[in-house]
Amino acid sequence: MAALAGVVIPMACTNTSSHFLPTSPSTPVVVSATATNAFGFTSTPTFTMQPTGTITNTATIVPAMTGPTIICTPNVPNGLAVNSAGTTIYVAGGDGNLSIYSITGGSAITMINQFSTTGASFTSLSGVAIDSSGNLYVLDSGGSLTSPGTVYEFGSTSGPGGPVTAITTLNNYNGVTFISPQGIAVDSNNNLYVVDTGNNVIDEFGPAPTNAVSQLMGYTGGGGNGGLNYPTGIATDGSSSAVTVFVADMEDELIQEFNPVTGAFITQFSTLPESFDPGVLGIAVKSTTGDVFAADYNNGFVQDFNSTTSPGTLNAQWAPTFPPPTPTPVFGPTGVAYNGTKLYVTDYDNNAIYAVTP
């Protein structure tokens, strides 16, 4: 059965934040901004940024998911994933559509907005992940900060043209229901990680098809050292028994690292000196160097951190250069994915995907 076409659902968004692209990495810049992000958090920070470098590249824009690139169109992109072959991008839309695109040329492959042949539809997708066997995990946050969320697993051969019916659903960890989950990842061993945002924990499950309960990481309360306060993005690094897990702890302005075998907290580095007013939504890791890429929605940047130093240091930052007209559109990065060569970035506010060479 072929995948079903998406249904357009109007979705409003507001963002009054300002962002900048420094002309000189050695020149401090003072910025004040007021922002309301995709999840309803509003703040007005004033900070001084001392950038250490810039990612030297020109972004390649993959065409918007449907139609022209217009702010706040229905297919607002959140998390994304790239398959192991580096040929396909999967984009989780806030309107409940999973859009699948060819990396080469950005041509649309299919769109999925249902998880069963009975017509049951997704609500608001926040993330997507793919394991090495091609199984696809789609994360539905539920549409609000207090909604229960669900992970839908689709087999790699679930129907011609793309998955149609979920073969497994996960909506709790040991009986505790997910609350507004915002991030999902799969490690090299095909273990699955769900950022249970409302419960301030990371839930780990074993590989498909059983996805058995495996480990719990973090605890509610915030403050760092394993305490989480509105975690969002998640990424894994390493292989075999040496896997580590990075988590964007949004309200604590930290990226925290955990051992998924024991569940123990390892270390953390603060995003505060690099001007991260709460707004880090998605993260990705470059395994060969230990770079952690963070999508800072509120400040309008993708940041590149060196996670091997203590504390982590800012290597570079990037934002697209928009053509006229003036004023320049606000860049709203929500998700990042790295496939070994390119860094792929979702731009929530402009309905676009960028391919960046870090």
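Tutor: Two strands pair if DSSP finds at least two bridges between them. Strands here are DSSP runs of E, at least two residues long, numbered from the N terminus. We are looking at a predicted model, where local features need pLDDT of at least 70, side-chain atom pairs count only at pLDDT 80 or more, and totals for chains, interfaces and linings use all residues. Residues are numbered from 1 along each chain as its sequence is written, and side-chain values use heavy atoms, with hydrogens and water left out.

Student: Happy to start with strands, then! How many bridges join β24 and β25 in their pairing?

Tutor: Strand β24 covers residues 254-258, and strand β25 covers residues 265-270. One contact between them sets glutamate 257 against its bridge partner, threonine 267 in β25. The two strands pair in the antiparallel sense, and the number of bridges is five.

Student: Which glycine in the turn of that hairpin has a positive phi?

Tutor: β24 and β25 form a hairpin, with six residues between them. In this turn, a positive phi of about 80° belongs to glycine 263.

Student: Phenylalanine 258 is in β24. Is phenylalanine 258 buried or exposed?

Tutor: The chain position is strand β24, and the C-alpha atom of phenylalanine 258 is separated by 9.1 Å from that of valine 243, 15 residues apart along the chain. For the label we need cut-offs: buried is under 20% relative accessible area, exposed is over 50%, and partly exposed is in between, with a 1.4 Å probe and protein chains only. Phenylalanine 258 has a relative accessible area of 1%, so it is buried.

Student: On to aromatic rings. How many aromatic pairs does the count come to?

Tutor: Rings of Phe, Tyr and Trp (its six-membered ring) pair if their centres lie within 6.5 Å; planes under 30 degrees apart are stacked, over 60 edge-to-face, and the rest tilted. By this rule, the number of aromatic pairs is 13.

Student: What kind of aromatic pair do phenylalanine 269 and phenylalanine 305 form?

Tutor: Phenylalanine 269 belongs to strand β25 and phenylalanine 305 to strand β28 (residues 301-306), so distant parts of the chain, 36 residues apart, are linked. Both phenylalanine 269 and phenylalanine 305 are buried. Their rings are 5.3 Å centre to centre with 45° between the planes, and the pair is tilted.

Student: Which residues form one aromatic cluster?

Tutor: Here the rings come from both phenylalanine and tyrosine. The members of the cluster are Phe115, Phe122, Tyr152 and Phe154.

Student: Now for β10. Which strands are the edge strands of its open sheet?

Tutor: The sheet has four strands in the order β10-β11-β12-β13, with antiparallel pairing. An edge strand pairs on one side only, and that describes β10 and β13 (168-170).

Student: Why is β10 said to be largely enclosed by the rest of the structure?

Tutor: β10 and strand β11 (residues 136-140) run antiparallel, joined by five bridges. Isoleucine 130 stands opposite leucine 136, while the bridge partner of glycine 127 is leucine 139. β10 is largely enclosed because of its buried residues, which number five of the six.

Student: Which residue of the hairpin of β10 and β11 takes a positive phi?

Tutor: This hairpin has five residues between the strands. A phi near 90° is taken by glycine 134.

Student: What is the phi of serine 180?

Tutor: Most residues other than glycine have a negative phi, and most peptide bonds are trans. Serine 180 lies in the loop between β15 (176-177) and β16, and its 2% relative accessibility means that it counts as buried. Its phi is positive, with a value near 45°.

Student: And what is the phi of asparagine 351?

Tutor: Asparagine 351 sits in the loop between β31 (343-347) and β32 (352-356). Its relative accessibility is 0%, so asparagine 351 counts as buried. Phi here is again a positive value in a residue other than glycine, near 55°.

Student: Last one: which residue does a cis peptide bond join to alanine 208?

Tutor: Omega of this cis bond is about 10°. The partner lies in the loop between β18 (201-205) and β19 (213-217). The residue joined to alanine 208 is proline 209.
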